[in-house]
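Okay, thanks for having me on the agenda. I'll put the sequence and the structure up now, and then walk you through it.

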Amino acid sequence: MDQPTRWTRATVYPDMWVDPADDPRNSEGVSPDGELPTLLDYLGRYRATLLMKCDDLDPEQLARRSVPPSTLSLLGLVRHLAEVERDWRGWITPDGPPAPLYGPGDAAFEGAAADPDLVSAAFADLAREQAATDAVVADHPDLGERLGADAIAVRELQVHRIEEYARHCGHADLLRECVDGRVGQ
């Protein structure tokens, strides 16, 4: 298989995904004040980064497993993050985690196939699960509050969410470069 040529849309800085003026993650002014707004800002930026890494790809490219024998793909990451958003919500609710979206184990990755309907459903699942978890967490603005059967602090949940997205955005960087050669943070 031919290796794609490395490239970027950025013209200002060669290691950027897009130029700063075109980057939806850029914000004017200083960073948010306070711990909770800062955590939410970081979470939002990593979520946007994941979507940017998937942008402009067809279902086959999204489902491509670029590092055999791994089942990791961009579509698998989207499905996995929908699944974990759902699971995290269960950490802090009285009923515990709901049933998995895609099945047990690594089903989110293993079932990531180049089907347009499956791709649309995965992005819809991610948006829905993010919104549902955000709504539950918004009811608990005290980051020290402990919730759920294991008394998880809201702060711990928020930091864990950021860590999960950050780690998988690193995977997305490499997966995207393998798919079409596009590089950038």
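Let me start with a question: not counting residues up to four places away in sequence, which residues does Ala10 touch? With that exclusion, the list is Met16, Trp17, Val18 and Asp19. One caveat before I go on: this is a predicted model.

Staying with Ala10 for a moment, you'll find that residue in the segment before H1. Is Ala10 buried or exposed? Ala10 is buried, at 11% relative accessible area, with the cut-off for buried being under 20%. And if you want a sense of distance, take Ala10 and Glu164: they sit 154 residues apart in sequence, and their C-alpha atoms are 26 Å apart in space.

Okay, zooming out. We've got 6 helices and 2 strands in the chain. Reading from the N terminus, the order goes α-α-α-α-α-β-β-α. The radius of gyration is 17 Å and the globule rule gives 16 Å for 185 residues, so the chain is as compact as a globular protein of that length. If you're setting up a box, the C-alpha atoms fill roughly 50 × 45 × 25 Å along the principal axes.

Some bulk numbers, since I know this group likes them. Of the 185 residues, 41% are buried. Take the contacts between residues at least 6 apart in sequence, and 70% of them join residues at least 24 apart. The accessible surface is about 9,800 Å², and carbon and sulfur atoms account for 56% of that. For the electrostatics people: there are 18 positive and 34 negative side chains, and the centres of those two sets lie 2 Å apart.

Now, the core. As a general point, nonpolar side chains in soluble globular proteins tend to be buried together. Here, the largest nonpolar core has 36 residues, and the ones with the most contacts inside it are Leu50, Leu62, Leu74, Leu75, Leu77, Leu126 and Tyr165. At least two core residues come from each of H1, H2, H3, H4, H5 and H6. Which helix gives the most to this core? That's H3, with 9 residues.

Let's click on Leu62, one of those high-contact residues. Ignoring neighbours within four places in sequence, Leu62 is in contact with Cys54, Leu57, Ser73, Leu74, Leu75, Val119 and Phe123.

Next up is Lys53, over in helix H1. Lys53 is a buried lysine, with a relative accessible area of 1%. So what's around Lys53, beyond residues up to four places away in sequence? Lys53 touches Trp17, Leu74, Ala172, Asp173, Arg176, Gly184 and Gln185. Trp17 turned up in the Ala10 list too, and Leu74 is on the Leu62 list.

Last stop, backbone geometry. Two residues that aren't glycine have a positive phi: Asp56, at about 70°, and Ala151, at about 55°. Where are they? Asp56 is in the loop between H1 and H2, while Ala151 lies in the loop between strands S1 and S2. Asp56 counts as partly exposed, at 48% relative accessibility. Ala151 also counts as partly exposed, at 34%.

That's my tour. Happy to spin the model around if anyone wants another look.

Methods. Residues are numbered from 1 along each chain as its sequence is written. This is a predicted model: local features need pLDDT of at least 70, side-chain atom pairs count only at pLDDT 80 or more; totals for chains, interfaces and linings use all residues. Side-chain values use heavy atoms; hydrogens and water are left out. Helices (H or I, at least four residues) and strands (E, at least two) are DSSP runs, numbered from the N terminus. The radius of gyration is taken over C-alpha atoms; the globule rule is 2.2 Å times the number of residues to the power 0.38. Buried means under 20% relative accessible area, exposed over 50%, partly exposed in between (1.4 Å probe, protein chains only). Contact means heavy atoms within 4.5 Å. Accessible areas come from the Shrake-Rupley method with a 1.4 Å probe; for residues, only the protein chains shown count as cover. Lys and Arg count as positive and Asp and Glu as negative; His and the chain ends are not counted. The place of a charge is taken as NZ of Lys, CZ of Arg, CG of Asp or CD of Glu. A nonpolar core is a set of buried Ala, Val, Leu, Ile, Met, Phe, Trp, Tyr and Cys residues joined through side-chain atoms within 4.5 Å.
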